[in-house]
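Biologist: Shall we go through this one together? I would like to ask how each label is earned.

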Amino acid sequence: MDALPRDPKEWRVEQVKQWAMEVVGIKEEHADKLVQQEIDGRALHTLTEAKLERCGIPIGPAGLLMEAMEELGGGGSSAAAAGEVDLTSALRVALPEMRQVAGKKSAGTTQ
């Protein structure tokens, strides 16, 4: 196995396939579906089990991939699925709108 970059988000499509086959242990025919969908390291962390199944990856290998992605520490979808929210990111989105609403109220306008 060729050495993979330390940060999974830097993996190219072929490196994701290599990881899926050699580390996770799924069959090449299923790993090829990741290649067909152009799943690189950044895209890997956006996947859900449902998305993997829509790509034609059976439930078993899809579950193994999800488990392995969580072990990588990046399963972005796993945190969302568990109902966890990154408060810093949420505030970055919400604060500008909150400021805009507060500014309108202090100016005496209402919607």
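Biologist: What makes E38 count as buried or exposed?

Modeller: This is a predicted model, so I go by its computed values. The relative accessible area of E38 is 62%, and exposed means over 50%, so E38 is exposed.

Biologist: Where does E38 lie?

Modeller: E38 is in the loop between α2 and α3 (41–44). Its phi is near 60°, a positive value in a residue other than glycine.

Biologist: Why is that worth pointing out?

Modeller: Most residues other than glycine have a negative phi. There is also a positive phi just after α1, about 90°, taken by G25.

Biologist: Why is C55 called partly exposed?

Modeller: C55 has 24% relative accessibility. Buried would require under 20% and exposed over 50%, so C55 falls in between and counts as partly exposed. It lies in the loop between α4 and α5.

Biologist: What does C55 touch, leaving out residues up to four places away in sequence?

Modeller: K33 and Q37. In addition, the C-alpha atoms of C55 and Q36 are separated by 8.9 Å, although these residues are 19 apart along the chain.

Biologist: How do you know that the buried residues of α2 line one face of the helix?

Modeller: In α2 (residues 28–36), the buried residues are H30, A31 and L34. Looking down the axis of α2, they fall within an arc of 100°, so they line one face. As background, an α-helix has 3.6 residues a turn, so residues three or four places apart point the same way.

Biologist: Which elements do the buried residues of α2 pack against?

Modeller: They pack against α1 (13–24), α4 (49–54) and α5 (59–72).

Biologist: How do you know that the length of α1 agrees with a helix of twelve residues?

Modeller: At 1.5 Å a residue, α1 should span 16 Å, and its end C-alpha atoms are 15 Å apart, so the two agree. Among the buried residues of α1 are V16, W19 and A20, and its buried residues pack against α2, α3 and α5.

Biologist: What makes up the largest nonpolar core?

Modeller: That core has 19 residues, and W19, A20, L34, L44, L47, L52 and L65 have the most contacts inside it. The elements giving two or more residues are α1, α2 and α5, with α5 giving the most, five residues. In soluble globular proteins, nonpolar side chains tend to be buried together.

Biologist: Which residues is L44 in contact with, leaving aside neighbours within four places in sequence?

Modeller: L44 is in contact with W11, V16, W19, I39, M69 and L72.

Biologist: Which element has the lowest mean pLDDT, and which the highest?

Modeller: Helix α6 (residues 76–81) has the lowest, 44, and α2 the highest, 98. Over residues 76–89 the pLDDT is below 50, and beyond near neighbours in sequence this stretch has eight contacts in the model. For the whole chain the mean pLDDT is 81, with 68% of residues reaching 70 or more.

Biologist: How many helices and strands are there in the chain?

Modeller: Seven helices and zero strands. Of the 111 residues of the chain, 28% count as buried. The accessible surface comes to about 7500 Å², and 51% of that belongs to carbon and sulfur atoms.

Methods. Residues are numbered from 1 along each chain as its sequence is written. This is a predicted model: local features need pLDDT of at least 70, side-chain atom pairs count only at pLDDT 80 or more; totals for chains, interfaces and linings use all residues. Side-chain values use heavy atoms; hydrogens and water are left out. Buried means under 20% relative accessible area, exposed over 50%, partly exposed in between (1.4 Å probe, protein chains only). Helices (H or I, at least four residues) and strands (E, at least two) are DSSP runs, numbered from the N terminus. The arc is that of the directions from the helix axis to the C-beta atoms. Contact means heavy atoms within 4.5 Å. A nonpolar core is a set of buried Ala, Val, Leu, Ile, Met, Phe, Trp, Tyr and Cys residues joined through side-chain atoms within 4.5 Å. pLDDT is the predictor's confidence in each residue, from 0 to 100. Accessible areas come from the Shrake-Rupley method with a 1.4 Å probe; for residues, only the protein chains shown count as cover. The expected span of a helix is 1.5 Å times one less than its number of residues.
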